[in-house]
Structure formats: C-alpha cells, structure tokens
There are 2 protein chains.
Amino acid sequence: MSGTAVLSPETVFAPVRSQTAFEETVERLGTAIKLGLLPPGARLPAERELCARLGIARSTLRQALTALSQSGHVYATRGRGGGTFVADPLPPAEPPSPQVLAQWRETCDERMAVELGVVVLAAERADPAELVALDEHVATLEQELEDFAAYRQTDIRLHVGLAEATSSPRLVRAMTDVQGAMTDLIAYIAHPPEVLASSNEQHRRILAAVREHDTLRATRAMAEHMQGTERVLAGLLPGG
Amino acid sequence: MSGTAVLSPETVFAPVRSQTAFEETVERLGTAIKLGLLPPGARLPAERELCARLGIARSTLRQALTALSQSGHVYATRGRGGGTFVADPLPPAEPPSPQVLAQWRETCDERMAVELGVVVLAAERADPAELVALDEHVATLEQELEDFAAYRQTDIRLHVGLAEATSSPRLVRAMTDVQGAMTDLIAYIAHPPEVLASSNEQHRRILAAVREHDTLRATRAMAEHMQGTERVLAGLLPGG
DNA sequence: ATCGAAGGGCCGACGAGCAAACCTTTACTC
DNA sequence: GAGTAAAGGTTTGCTCGTCGGCCCTTCGAT
C-alpha cells in the first residue's frame with residue numbers, strides 16, 4: 001500500500017462548472033416539457049408559487065420562463081384564470097449539437113448505469129399496482145409503432161415510471177435527466193416499426209422479470225434493451 | 001395517450017439549488033483527499049495551475065484551499081519548492097450529519113446504479129492489464145482485514161479502478177462521488193474481519209466474472225456485494 | 001363596477017466570482 | 001553572497017447573477 005502512485009488526478013482536477021440558477025431552471029423545465037412530463041397545454045403553477053417551490057427568486061424564474069417562451073415551449077396569458085402553459089403544439093426539436101454528439105457514448109454509459117440500477121431496485125420493490133400501470137404503457141406502445149414521436153413519449157413514461165417504482169427520488173431525477181439527454185440524441189434518427197416492435201418486446205420481458213422479482217432476468221433484459229439502442233446509434237453517429 | 005394525467009411534478013418542481021464554485025471545489029478536493037485519491041503528503045498542483053485546470057479564478061480556489069486548510073485536510077508552505085500538500089496524518093473523520101443519515105437509503109440506491117453500470121461496462125471493455133492491477137488490490141485487501149481504515153482505502157481504489165476500466169470519465173466521477181457519500185456513512189461503523197473477508201471474496205468473484213466478460217455473473221456478484229453493505233447499514237442506522 | 005388572481009416590469013442591494021496586479025518567503029544557482 | 005525563480009499571500013476594483021420588494025396591467029368572477 002505504500003508506494004502506490006496517485007491515480008486519476010485528471011478526474012479530480014477536471015473543471016468545476018456549476019450552472020447558474022437560471023440555466024438550471026431552463027433545463028429542468030425544458031427537459032420536463034420535451035419528455036412530455038409536462039404535456040402540451042398543461043398549466044404550470046403560478047409564478048409566485050413556482051419560484052417558492054424551486055427555491056429561487058421570482059425574477060430568476062421569470063428569466064427562465066422568458067427564455068422558454070421565446071423558444072416556443074411555453075406561453076403565458078394574463079389576468080385572472082391566466083397562467084403559464086406548455087405550448088401546443090411544441091416547437092420542432094433542434095438537431096443535436098456537436099458537443100452532445102461528441103459525448104454520445106458517455107451518455108449511453110450513464111444511461112446504462114441508471115437503467116440497470118433502476119431495474120434491479122424495481123425488481124426488489126415494485127408493487128403490483130404500479131406494474132399494472134406500466135403494462136398499460138407497453139400496450140399503448142404496441143399501437144404506436146408507426147408514429148415514433150408518440151412511441152417515444154410513452155416509452156419515456158414507461159422508463160420514468162419504472163424509476164418511480166423504486167421510490168427513490170434521486171433515481172427518478174437521474175432517469176429524467178438521462179432520458180432528456182437520450183432524446184436529444186435519437187430525435188433525428190429513423191426508427192422503423194420493426195425496431196420499435198422488438199424494443200417493446202424487450203419491455204415486456206423486463207416487466208415480466210420485475211413482476212417475478214427475478215433480478216437476474218430483469219438485468220439481462222434491460223442490458224439487452226440498452227445495447228439495442230446503442231447499436232443503432234453506433235451505426236449512425238460519428239465515432240461508432 | 002390523451003387523458004394521461006401529469007406524473008411526478010414533485011420531482012420536476014423540486015428545488016434547484018446549485019452549489020457555488022467555492023462549495024463545489026471544497027467538495028471535490030475534500031472528497032478526493034478523504035478517499036485517498038490524493039494520499040497524505042501528496043502535493044497539489046500550484047495554485048496558478050490548479051485554478052486554470054478547475055476553470056475558476058485563483059481567489060475562488062484560495063477560498064476553497066483556506067477552508068480545507070482550516071479543517072486540517074491540507075497545509076501550505078511558502079517559497080520556492082513550497083506548495084499545498086495533503087495533511088499527514090489526516091484529521092479524524094466527522095460523524096455523519098443527520099441530513100446524510102436521513103438519506104442513507106437513497107445513497108445506497110445511487111451506489112447500486114453506479115456500481116452495476118460500471119461492472120457491466122467493465123465486463124465488456126476491461127483489458128487484461130487493468131485487471132491485473134485490480135487483482136493486486138484484492139490481494140492487498142486480504143492483508144488488511146484487521147485494519148478497517150487501510151481496508152477501506154484499498155477498497156475505494158478497487159472500485160474506482162473498476163470504474164476507470166470502463167474508460168468513461170463520467171462514470172469515474174459518479175463512482176468517486178458515491179464512494180465519498182458511502183465513506184461518510186460507514187466510517188463510524190464497526191467492520192469485523194469476517195465481514196471484510198466475505199466482502200473481499202465477493203471482490204474476487206466480481207473480478208473473475210469481469211475477466212471472462214461474463215456480464216451476468218458480474219452483475220449478480222456486484223448486486224450481492226451491494227446488498228451486503230446495505231444489510232449492515234440497515235441493522236445499525238435509523239429507519240433500517 | 002369592483003375585486004382578486006394572475007403575469008409583466010422595474011429598481012436597488014448584495015454577494016460570488018473574476019482579473020490583474022503586487023508582496024513575501026524560500027531555495028537553488030552562480 | 002547576490003540574483004533569480006517559484007511558490008503562497010494580499011489587495012483592489014469590477015462585473016454579473018440573484019434576491020426581494022414594489023407597482024402596473026389584464027381579465028374573469030361576483
């Protein structure tokens with residue numbers, strides 16, 4: 001143990017880049033909207049309430065809302081009964097930035113970690129009622145094989161729902177973050193119905209294993225599910 | 001898909017509290033020191049270089065170094081050949097705060113995710129040379145069953161080393177963060193040699209599976225490894 | 001017609017962080 | 001011994017994000 005060299009100071013001394021409250025808020029709300037967690041037409045809490053919940057000043061929240069409104073994700077109406085609403089329809093997604101593309105493998109790695117952790121804990125903890133709701137999502141997906149936008153929305157609900165089944169808020173947050181990152185990556189990629197069908201078949205296997213508390217099968221099914229999308233990306237993105 | 005209710009706005013609207021650059025730096029360096037990534041006596045890069053690497057102003061870095069120096073984790077000497085050094089010996093660890101204790105289950109959940117993701121990707125990607133180094137750590141651990149402080153140091157190197165074998169900087173960061181959190185939890189808990197011996201036996205199984213690229217066995221071994229510590233904590237902490 | 005609840009706009013204070021100096025200490029070199 | 005280089009220590013002033021509060025405008029409900 002004595003002569004052991006210092007390992008990996010590269011990671012320790014990597015830049016500390018803390019987002020501002022404004023940036024974090026835009027990202028939080030923007031991701032929730034893009035993922036459909038806040039569906040089109042939904043009304044956000046009143047500014048005075050929302051800023052309290054988010055733990056920021058109202059002026060800071062308004063900066064974020066102004067940005068989201070200028071990008072077309074949100075609109076506000078004044079007067080009694082007014083409020084801030086999610087746009088309907090949403091603006092078209094932007095193509096992924098070079099920075100996002102350059103890190104696609106790391107994003108997939110992170111996703112692997114979150115989804116595996118979630119599926120293992122879900123297999124330990126999920127209660128039957130939650131699983132029924134997830135089954136319904138799988139059924140819905142079967143109807144959406146031809147419409148990738150719809151499919152992806154439901155897909156996200158399924159994965160986030162699985163995270164909620166762990167009763168671990170941090171994992172839910174991690175899941176929404178990582179799904180947001182994945183959405184940026186895959187929005188511009190063609191997904192033929194056959195691919196979606198096989199992906200949904202994997203969903204079935206995952207849920208079946210989770211229902212039986214079969215951690216091992218759940219893990220394997222989830223790992224295959226991940227590798228499926230990773231292979232698709234590897235074929236279409238630079239550095240694949 | 002139409003009538004689906006909004007789900008989990010609790011998570012979406014949770015507080016956004018971003019750390020300041022100062023806080024983040026203290027935590028980064030402090031964790032690296034507590035984990036032994038920066039061993040006692042090690043010299044940090046010169047302030048002017050370090051602040052450039054961390055992407056912060058020198059005055060901000062000095063705030064962080066002052067804090068770490070007052071807490072006894074670091075000391076500075078002036079003049080040519082001087083510098084900032086990790087203290088030797090380190091100050092005694094503080095008992096975990098109530099906030100940390102209250103979230104111990106979530107911390108374990110997060111750890112589960114990170115370690116499972118790491119072990120799966122390591123099983124896919126690890127090359128033999130890296131595994132040899134990890135084997136040595138296991139051998140060292142066998143000599144440290146009677147000295148928990150030493151054992152924990154090497155244990156951390158092993159786990160972080162496995163993360164490095166994935167070649168995914170983000171997972172390395174995630175691993176160091178989560179190991180830091182775990183250290184806060186377990187520092188004050190008795191670990192009899194038998195427990196450490198069985199824990200190290202699990203290390204062996206994990207590495208063996210990784211070496212053979214047997215994702216499934218590696219996952220199972222790692223999940224058992226996690227559950228081992230979780231059971232220990234459940235028996236000794238409130239809410240177990 | 002009025003009230004109340006919502007967004008919209010504005011301004012002053014504060015503190016974090018930055019940048020660029022300059023000072024002090026120390027050790028090596030000639 | 002003088003000089004120089006390399007380190008930490010100090011000071012100053014500026015910028016900008018954030019806070020907190022105040023008032024305005026809009027518009028549905030009563």
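**Notebook: two chains and two DNA strands**

I started with α2(B), which has 14 residues and reaches 20 Å from its first C-alpha to its last, close to the 20 Å expected at 1.5 Å a residue. For the expected span I took 1.5 Å times one less than the number of residues. Helices here are DSSP runs of H or I with at least four residues, strands are E runs of at least two, and both are numbered from the N terminus.

A note on the source: this is a predicted model, in which local features need pLDDT of at least 70, side-chain atom pairs count only at pLDDT 80 or more, and totals for chains, interfaces and linings use all residues. Residues are numbered from 1 along each chain as its sequence is written, while chains are lettered from A and ligands numbered from 1 in the order in which they are written.

Back to α2(B): I looked up its buried residues and found T25(B), V26(B), R28(B), L29(B), A32(B), I33(B) and K34(B). Buried means that 20 or more other C-beta atoms, placed from the backbone, lie within 10 Å of the residue's own; 12 or fewer is exposed, and in between is partly exposed. Just after this helix, G36(B) takes a positive phi of about 85°.

**Chain A**

I logged 11 helices and 2 strands for chain A. Its C-alpha trace spans about 60 × 55 × 35 Å along the principal axes, and 38% of its 240 residues are buried.

The strands β1 (residues 74–77) and β2 of chain A run antiparallel, joined by 4 bridges; strands pair if DSSP finds at least two bridges between them. Y75(A) has F85(A) as its bridge partner in β2(A). The hairpin has 5 residues between the strands, and there G79(A) takes a positive phi near 80°. In β2(A), T84(A) and V86(A) point to one face and are buried, whereas G83(A) and F85(A) point to the other and are not.

**The two copies**

I laid chain B on chain A: the RMSD is 0.1 Å, after a turn of 180° and a shift of 0.0 Å along the axis. The two copies are therefore related as by a two-fold rotation axis. The superposition was by least squares on C-alpha atoms of residues with pLDDT of at least 70 in both copies. A113(B) has the C-alpha nearest the axis in chain B, 2.6 Å from it.

Next, the contact between them: 58 residues come from chain B and 58 from chain A, with contact meaning C-beta atoms, placed from the backbone, within 7 Å. On the side of chain B that touches chain A, α6(B) gives the most, with 11 residues. That side divides into 31 nonpolar, 15 polar and 12 charged residues. I counted Ala, Val, Leu, Ile, Met, Phe, Trp, Tyr, Cys and Pro as nonpolar, Asp, Glu, Lys and Arg as charged, and the others, Gly among them, as polar. Because 98% of the interface residues of chain B are also interface residues in chain A, the copies meet through the same surface.

**The DNA strands**

Which residues come nearest to DNA strand C? I found R80(A), T20(B), A57(B), G79(B) and R80(B), out of 22 around the strand. Near means a C-beta atom, placed from the backbone, within 6 Å. This surface has 6 nonpolar, 10 polar and 6 charged residues.

DNA strand D is surrounded by 23 residues, with T20(A), F22(A), A57(A), T60(A) and G79(A) the closest. Its surface has 6 nonpolar, 10 polar and 7 charged residues.

Notes. Two residues are in contact if their C-beta atoms, placed from the backbone, lie within 7 Å.
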